[in-house]
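The following exercises concern the packing of secondary structure elements in a protein chain. Each task is followed by a solution that proceeds step by step.

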Amino acid sequence: AFGILALVGVGRGHRNAGQLLDIAAQRAPRNIDVRTQAMIAALTDKAMPEAVDELDAILRLSPRRGAILYPAMAQQTLDPAFNDALVGKLVESPRWAPAFLAYVSTKATPEAVNRIYGGLQKQGALSEQDIRLWLDRQMREGQWAAAYDQWLATLETPPAEDALVYNGGFEQDSADLGFDWRRI
């Protein structure tokens, strides 16, 4: 009942619609329609951490909604506050994070890829697989210098300036990452 009242309040533009949404979310935390309206309200109010929390709840309740939400989330990273909130949530490793990052690495714009992965890198939250996805995407997009710089940052010992080929004599095991030897 609270969910219905909250949704009617939002639809009619009642001034207490936000309070109704809060009550409805407390009483029926699995109501996706209420969560969706709460997310929209948070985005409208520029309350990005709250909006991302609602996105997290929606994706946990209904992972298949990622097909609709992932493109919008990637696009919304144009807003630095949303990007920061999203990266903060990704650092917590929600269940939907691997699917979202797989979407980003293959289908999001190059700018969104760099904002999301760059934010995760600043937080020290990139796994080797995440780095691989990011570097591979940058190389597919022809962003060779950026990919090379990112790859160098992953190395414990950078190559000598005069080395024509990194790990040319297989001094280290191949990492199969970035500009190291690749297994085919």
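**Exercise 1. Packing of α4 and α6**

In which handedness, left-handed or right-handed, does α4 pass α6? Characterise the packing of the two helices in this predicted model.

*Solution.*

Step 1. Two packed helices are described by the angle between their axes and the distance between the axes.

Step 2. For helix α4 (residues 48-61) and helix α6 (residues 80-91), the angle is about 45° and the axes lie 8 Å apart. The pair is therefore oblique, since the angle falls neither under 35 degrees nor within 65 to 115.

Step 3. The crossing in which α4 passes α6 is right-handed.

Step 4. On the α4 side the contact is formed by Met48, Pro49, Val52, Asp53, Leu55 and Asp56, and on the α6 side by Ala81, Phe82, Ala85, Leu86 and Lys89.

Step 5. Sorted by class, the residues of this contact comprise eight nonpolar, no polar and three charged.

**Exercise 2. The environment of Lys89**

Determine whether Lys89 is buried or exposed, and list its contacts beyond its sequence neighbours.

*Solution.*

Step 1. Lys89 belongs to helix α6 and takes part in the contact with α4.

Step 2. Its relative accessible area is 10%, so Lys89 is buried; the cut-off for this class is under 20%.

Step 3. With neighbours within four places in sequence set aside, Lys89 is in contact with Val52, Asp53, Asp56, Pro94 and Trp96. Among these, Val52, Asp53 and Asp56 are residues of α4 that make the contact with α6.

**Exercise 3. The buried face of α5**

Establish how the buried residues of helix α5 are distributed around its axis, and which helices they pack against.

*Solution.*

Step 1. Within helix α5 (residues 66-76), Gly66, Leu69, Tyr70, Met73 and Ala74 are buried.

Step 2. Viewed down the axis of α5, these residues fall within an arc of 130°, so they line one face of the helix. An α-helix has 3.6 residues a turn, so residues three or four places apart point the same way.

Step 3. Ala67 and Ile68 are exposed and sit on the face of α5 turned away from the buried side.

Step 4. The packing partners of the buried residues are α4, α6, α7 (97-107) and α8 (110-122).

Step 5. Gln75 is also found in α5, and at a relative accessible area of 45% it is partly exposed. Its C-alpha atom is separated by 6.8 Å from that of Ala112, although the two residues are 37 residues apart along the chain.

**Exercise 4. The pair α7 and α8**

Classify the relative orientation of α7 and α8, and give the composition of their contact.

*Solution.*

Step 1. The two axes come within 9 Å and cross at roughly 135°.

Step 2. This angle makes α7 oblique to α8, because only angles over 145 count as roughly antiparallel.

Step 3. Phe100, Leu101, Val104 and Ser105 of α7 meet Val113, Ile116, Tyr117 and Leu120 of α8.

Step 4. The contact contains seven nonpolar, one polar and no charged residues.

**Exercise 5. The buried side of α10**

Which residues of α10 are buried, and what does their cover include?

*Solution.*

Step 1. In helix α10 (residues 144-154), the buried residues are Ala147, Gln150 and Trp151.

Step 2. They span an arc of only 100° around the axis, which places them on the same side of α10.

Step 3. The face turned away from this side bears the exposed residues Ala145 and Ala153.

Step 4. The cover of the buried residues includes α8 and α9 (128-140).

**Exercise 6. Positive phi in loops**

Identify where Lys46 and Ser93 lie, and state their backbone phi and accessibility.

*Solution.*

Step 1. Most residues other than glycine have a negative phi.

Step 2. Lys46, in the loop between α3 (32-44) and α4, is not a glycine but has a positive phi of about 60°. Its relative accessibility of 61% makes Lys46 exposed.

Step 3. Ser93, in the loop between α6 and α7, likewise is not a glycine and has a positive phi of about 55°. With a relative accessible area of 56%, Ser93 is exposed.

**Exercise 7. The chain as a whole**

How many helices and strands does the protein chain have, and what share of its residues is buried?

*Solution.*

Step 1. The protein chain has ten helices and zero strands.

Step 2. Of its 184 residues, 39% are buried.

Step 3. Among contacts between residues at least 6 apart in sequence, 48% join residues at least 24 apart.

Key:
Residues numbered from 1 in each chain as written. Predicted model: local features only at pLDDT ≥ 70, side-chain atom pairs only at ≥ 80, totals over all residues. Heavy atoms only, no water. Axes fitted to C-alpha atoms, helices over the stretch in contact; angles between N-to-C directions. Helix = DSSP H or I, 4+ residues; strand = E, 2+ residues; numbered from the N terminus. Left-handed = near helix turned anticlockwise from the far one by under 90°. Contact = heavy atoms within 4.5 Å. Nonpolar A, V, L, I, M, F, W, Y, C, P; charged D, E, K, R; others polar. Buried < 20%, exposed > 50% of the residue type's maximum accessible area, 1.4 Å probe, protein only. Arc of directions from axis to C-beta.
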